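The exercises below ask you to read the fold of the two chains from the model itself, and each is followed by a solution that goes step by step. Please have the display open while you work through them.

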Amino acid sequence: MSALPLPAGDALLWRPEPYRIERVRRDLADTFSLDLVPAGGGAPLAFRPGQFNMLYAFGLGEVPISISGDAEAGGPLVHTIRAVGPVTEAMRGLRAGAVLGVRGPFGSHWPVVEAEGMDLVIIAGGVGLAPLRPAIYYALRHRRRFGRVCIFYGARTPDDLLYKAELKRWRGEFDLVVDVTVDRASHDWAGKVGVVTRLVEGGGYDPLHTVALVCGPEVMMRYAARALLARGVAREGIFLSLERNMKCAVGLCGHCQLGPHFVCKDGPVFRLDQVERLLAVDEL
Amino acid sequence: MGEITGLDRLLGEHPFFAGMPPDVAKLLAGCARNVVFEAGRYVFREGGAADQFYLLRHGTVTLEVRVPGREPLVVDTLQEGDVIGWSWLLPPYQWSMDARAQTLVRTLALDAVCLRGKLDAEPALGYELFRRFVPVMGRRLMAARLQLADLYARPSGGRG
């Protein structure tokens with residue numbers, strides 16, 4: 001009995017490479033970041049903002065996790081992970097020195113290079129800030145190549161804001177609009193309360209020359225896209241990162257199929273007009 | 001007269017009244033005055049008579065719900081350019097939550113009793129006001145529904 005043939009030239013995509021956890025950061029009660037370096041030495045794999053890796057907890061399973069570090073910094077591979085199931089719960093328990101398997105990078109990426117010359121509006125909800133962080137790093141690193149850069153971020157409560165220290169730092173930049181809101185708060189919160197889609201009304205960006213990158217819960221992205229369209233941003237300028245049940249990561253198994261697309265291969269980053277109609281279909 | 005002329009201009013500059021016909025702005029100015037709230041002061045309290053509404057010119061106002069035994073829950077924040085309160089439009093003319101100045105707040109307060117009298121006498125004024133208030137009410141209702149949906153909650157039955 002012979003094994004099923006692997007797609008030509010893609011054999012390495014199926015084999016997890018061992019990566020050692022160099023550092024663990026506890027971001028939120030249920031969310032943590034892992035800095036990963038190749039266990040055998042050498043440079044971590046290269047990626048583009050918005051892409052994801054399959055992280056393998058040996059003996060438990062594999063999960064798709066967006067890369068949340070700086071694509072150009074050359075440091076460890078950073079993944080921010082929310083513990084939502086048995087594999088990610090097990091990963092939460094890992095300490096520096098433990099080894100994970102890494103396959104990737106996979107999928108499409110944020111069009112940060114294509115957006116140069118335009119205003120850039122980044123809208124994140126909850127842990128959706130993690131897949132957008134590499135795009136933010138790119139915009140900061142190449143700030144002069146963009147017009148206005150706005151980051152609109154919404155979370156459930158002040159305790160659920162990811163990367164608080166960085167948000168504060170970005171907020172201190174003179175050439176960056178950073179607006180944060182939470183859905184509910186107690187009286188000691190001095191920031192905004194309300195849905196993130198309301199922030200889209202501000203920022204002072206030019207909708208006719210704007211590229212918007214959106215990541216968060218799908219409902220939030222739908223309403224954010226509507227708010228952007230209402231503001232006058234073109235459909236072709238709005239990009240969303242979708243999440244589905246990605247398993248093989250190369251468009252073979254079909255678990256992540258969304259109409260004619262495989263989210264793992266054709267996504268996770270889609271232009272709004274590619275998926276807008278599909279997002280309106282129940283249970284797709 | 002000078003005061004009313006100044007208020008007339010301030011009303012016209014506020015985004016809520018952008019494009020307001022000058023004669024209507026003049027009518028409204030007769031019911032308006034400048035009101036400042038220091039940080040921490042209540043603009044209005046739940047159950048109080050809704051005898052004014054406010055155009056926020058500077059600062060931040062929180063809308064809060066009182067919850068027995070807990071800290072007040074902040075459900076919305078309003079910024080410069082926003083309008084505060086629509087309970088004055090509908091009987092029984094009572095505020096349905098608290099509004100508190102989070103920072104120093106400067107407003108234009110419009111006397112609702114004066115205004116309601118004018119609305120009865122001037123249907124065109126009523127139309128101008130309602131066509132401005134209804135979209136605000138719609139946006140805030142939608143926002144409240146999205147907040148209620150708890151978008152960022154931890155997914156149930158999580159895989160992975």
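**Exercise 1. A helix pair in chain A**

At what angle do helix α2 (residues 129-141) and helix α3 (residues 164-171) of chain A pack, and how many Å apart are their axes?

Solution. Before starting, note that this is a predicted model, in which local features need pLDDT of at least 70 and side-chain atom pairs count only at pLDDT 80 or more, while totals for chains, interfaces and linings use all residues. Residues are numbered from 1 along each chain as its sequence is written, chains are lettered from A and ligands numbered from 1 in the order in which they are written, and side-chain values use heavy atoms, with hydrogens and water left out.

Step one is to locate the helices, where helices (H or I, at least four residues) and strands (E, at least two) are DSSP runs numbered from the N terminus. Step two is to compare the axes, which are lines fitted to C-alpha atoms, for helices over the stretch in contact, with angles that run from 0 to 180 degrees between N-to-C directions. On this basis α2(A) and α3(A) pack at about 35°, with their axes 13 Å apart. Step three is the hand: the crossing of α2(A) and α3(A) is left-handed, a term used if the near helix is turned anticlockwise from the far one by less than a right angle, whereas clockwise is right-handed.

Step four is to list the contacts (heavy atoms within 4.5 Å). From α2(A), the residues A:Leu129, A:Arg133, A:Ile136, A:Tyr137 and A:Leu140 meet A:Glu166, A:Leu167 and A:Trp170 of α3(A). Sorted by class, this contact has 6 nonpolar, no polar and 2 charged residues, where Ala, Val, Leu, Ile, Met, Phe, Trp, Tyr, Cys and Pro count as nonpolar, Asp, Glu, Lys and Arg as charged, and the others, Gly among them, as polar.

**Exercise 2. A second helix pair in chain A**

Which residues of α4(A) and α6(A) meet, and how are the two helices oriented to each other?

Solution. Begin with the geometry: helix α4 (residues 218-231) and helix α6 (residues 272-279) of chain A pack at about 125°, with their axes 12 Å apart. Angles under 35 degrees count as roughly parallel, over 145 as roughly antiparallel, 65 to 115 as roughly perpendicular and the rest as oblique; α4(A) and α6(A) are therefore oblique to each other. Their crossing is left-handed. Turning to the side chains, A:Glu218, A:Arg222, A:Ala225 and A:Leu229 in α4(A) meet A:Leu272, A:Glu276 and A:Leu279 in α6(A), and this contact of α4(A) with α6(A) has 4 nonpolar, no polar and 3 charged residues.

**Exercise 3. The sheet of six strands**

In what order do the 6 strands of the open sheet in chain A lie?

Solution. Two strands pair if DSSP finds at least two bridges between them. Following the pairs across the sheet gives the order β4-β3-β6-β1-β2-β5 in chain A, with antiparallel pairing. The edge strands of chain A are β4 (61-66) and β5 (77-82), each of which pairs on one side only, and the twist averages 40° from one strand to the next. To inspect one pair, take strand β3 (residues 52-57) of chain A, which 6 bridges join to the antiparallel β4(A); here A:Met54 stands opposite A:Pro64 in β4(A).

**Exercise 4. Chain B**

Which pattern of helices and strands does chain B follow along the sequence, and how do α2(B) and α4(B) cross?

Solution. Chain B has 4 helices and 8 strands, which read along the sequence as α-α-β-β-β-β-β-β-β-β-α-α. The axes of helix α2 (residues 22-29) and helix α4 (residues 123-148) of chain B come within 11 Å and cross at roughly 90°, which makes α2(B) roughly perpendicular to α4(B). In this pair B:Val24, B:Leu27 and B:Leu28 of α2(B) meet B:Leu125, B:Glu128 and B:Leu129 of α4(B).

**Exercise 5. Unusual backbone sites**

Where do cis peptide bonds join A:Pro268 and B:Pro92 to a neighbour?

Solution. In chain A the cis bond joins A:Gly267 and A:Pro268, with omega about 10°, and A:Pro268 is found in the loop between α5 (263-266) and β16 (269-271) of chain A. In chain B the cis bond joins B:Pro91 and B:Pro92, again with omega about 10°, and B:Pro92 lies in the loop between β6 and β7 (98-101) of chain B.
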